[in-house]
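Me: I would like to learn how to read the features of a structure that I have not met before. Could we go through it slowly, one feature at a time?

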Amino acid sequence: MSEVLLSATDLGVKRGNRWLIKGVDISLEAGQITTVIGPNGAGKSTLVRSLLNLIKTTSGDITTIKGLRIGYMPQKLKLEDTLPLTVARFLDLGRHKQHQLSPQLWHDLLHECRAEKLLNRPMQELSGGETQRILLLRALLRKPHLLVLDEPVQGVDVTGQVSLYNLIGQVRNILGCGILMVSHDLHLVMAATDQVICLNQHICCSGHPEQVSQDPAFTDLFGPQGAGNLALYNHQHNHHHTSHGDIIAGEHHEGCDHG
Amino acid sequence: MANFLLWAWLGGLMIAAVAGPLGSFMVWRRMAYFGDTLAHAALLGVALGLLLQVNISLAVVLVCLLLALLLSTLVHKRIIATDTLLGILSHASLSLGLVSLSLFDHQSIDLMGFLFGDLLAIGQHDLLWIALACCLVLVILVSIWTPLLSITVNEELAQVEGINVAWMRTLLMLLVAVVIAVAMKVVGVLLITSLLIIPAAAARRLSSSPEQMALLASLLGMLAVTGGLALSWFYDTPAGPSVVVIASTLFFLLFSFPRSFRLS
């Protein structure tokens, strides 16, 4: 078992009278990709933001290794048009004084993120997919022990999503960092994940993707449709979902995508 | 050239130089209305300074800073929409300032001077204070430039990267408060924000980096001060508003340039 970078026990965040998340135990290891999935409003972003110390927690403890460097990729980047900022300058802002990438590694990552041609462009002119790649690159500049990605493929088209997930997998291999990722599209993430945490205020189930997909709690949470998509991905046809026309259409789509 | 004109010009130039980079941050962080609120509160600071018989500039800085801290707490608590809150505090503090100033002996207070500035009344003593304040603000601004830029781009990203966001925000507000206290002499509390915002906004069209915009904003501000003073000298117009008129003219002139025109 590899080194535990960050672990939290009994994490809870309460706003007003409502618990956004409650009793969450989580442990993130070096070289492992952990994906948090769950329906909208399940508290995925709350969990991530509390682990990053961006919001106050109501209960629980978070322990990290000493000098843990985190690379964070926020959901969205909204830049004012009034700020003249090139991609290169934006990336510079994320550099760590002591922990810099070697020129070779920088070059590799620049290439992996297909960012060479973007460096002199103003940030505001990038497309959704380009912005996400640059955000990822910036998160990597600090040679992070842990990479935290909050819905990294938001606003990216389907082909872009696949390549972005591939890119994230590559990054793990290159840097050997642990990755915590939030997602609500189940099928795409599963293949590239070591550990899945299924969240709905509390942790419903967790473990290896296949294990989780068979868990009754998982089916309860996402319904036969979501679980069916996943089962399809694992080539285990699930018959619960064939009664609805729109779901069959989705099935086709998934089939094409996968084939 | 008369001496008082020279002092006015030098004082104006120094404030414009600092207002460039600071105003750029206010434009990037959408703080225009916030600056207005602080500036209006400056009048309350003047009243308080007179009442307690302490240095007026010091009282202005303190009142501005207190209001800034109060504002950020209230905004954080989300009592009411931020622009409404700013609208309330801005005019409440302006009115409170006007009311308390009216309680003093009318002869001794130059209300118009506080409201619209009295650039031509700047003396050597004032000039020294302006120079000190401007140097201080500039030194601090340069030394925290990168972290300040980071929190302007994205506060959460900056915090995860280890920047103390709350402290940086407070520091920026403090710098704005100091500049308001000294710039009050030049354009008055009602027009201070324009000296910060307009040159920066005018510089945007020509700039391709934050530093370029800040520097250009300083130059444009200095040009506006020079032009405004000339206008005031030759046509006997009020100095503060003349500076703002020239700055606005520069803004509209530059924005009629084609979008593609940039310094590289």
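Me: Are the two faces of strand β5 (residues 70–73) of chain A covered or uncovered, and which residues lie on each side?
Reply: Keep in mind throughout that this is a predicted model. In a regular strand the side chains alternate between the two faces of the sheet. In β5 of chain A, one side carries A:Ile70 and A:Tyr72 and the other carries A:Gly71 and A:Met73, and all of these residues are buried, so that both faces are covered, a residue being counted as buried when 20 or more other C-beta atoms lie within 10 Å of its own. This strand, β5(A), pairs with strand β6 (residues 146–150) of chain A in the parallel sense, over 4 bridges, and A:Ile70 has A:Leu146 of β6(A) opposite.

Me: What share of chain A is buried, and how many helices and strands does chain A have?
Reply: Of the 259 residues in chain A, 41% are buried, and the chain has 9 helices and 9 strands. If one takes the contacts in chain A with a separation of 6 or more, 67% of them are between residues 24 or more positions apart.

Me: In what order do the strands of the open sheet of 3 strands in chain A lie?
Reply: The order is β2-β1-β4, with antiparallel pairing. The edge strands, each pairing on one side only, are β2 (18–29) and β4 (59–64) of chain A, and from one strand to the next the twist averages 10°. Strand β1 (residues 4–15) of chain A runs antiparallel to β4(A) and is joined to it by 5 bridges, with A:Gly12 standing opposite A:Ser59 in β4(A). Helix α1 (residues 44–51) of chain A packs on this sheet, where it touches β1, β2 and β4 of chain A, and its direction makes about 120° with that of β1(A).

Me: How do helix α3 (residues 56–77) and helix α4 (residues 82–102) of chain B cross?
Reply: Two packed helices are described by the angle between their axes and the distance between the axes. Here the axes of α3(B) and α4(B) come within 11 Å and cross at roughly 150°, which means that α3(B) is roughly antiparallel to α4(B). The crossing of α3(B) past α4(B) is right-handed. From α3(B), B:Leu67, B:Leu71, B:Leu74 and B:Val75 meet B:Thr82, B:Leu85, B:Leu89 and B:Ser93 of α4(B), and by class this contact has 6 nonpolar, 2 polar and no charged residues.

Me: Which residue in the loop between α2 (32–52) and α3 of chain B should I look at, and what is its phi?
Reply: Most residues other than glycine have a negative phi, and most peptide bonds are trans. The residue in that loop is B:Gln53, which has a positive phi of about 55° although it is not a glycine. B:Gln53 counts as exposed, because it has 8 C-beta neighbours inside 10 Å. In chain A, A:Asn53 is also not a glycine and has a positive phi of about 70°; A:Asn53 is placed in the loop between α1 and β4 of chain A, and it counts as partly exposed, with 13 C-beta neighbours inside 10 Å.

Me: How many residues of chain B are in contact with chain A?
Reply: There are 21 residues of chain B in contact with 17 residues of chain A. On the chain B side, α1 (3–28), α7 (145–153), α8 (155–160) and α11 (210–235) are the elements that give two or more residues, and the largest share, 5 residues, comes from α7(B). By class, this side of chain B divides into 8 nonpolar, 9 polar and 4 charged residues.

Key
Residues numbered from 1 in each chain as written. Chains lettered and ligands numbered in written order. Predicted model: local features only at pLDDT ≥ 70, side-chain atom pairs only at ≥ 80, totals over all residues. Contact = placed C-beta atoms within 7 Å. Nonpolar A, V, L, I, M, F, W, Y, C, P; charged D, E, K, R; others polar. Buried ≥ 20, exposed ≤ 12 C-beta atoms within 10 Å, placed from the backbone. Pairing = 2+ DSSP bridges. Axes fitted to C-alpha atoms, helices over the stretch in contact; angles between N-to-C directions. Parallel < 35°, antiparallel > 145°, perpendicular 65-115°, else oblique. Left-handed = near helix turned anticlockwise from the far one by under 90°.
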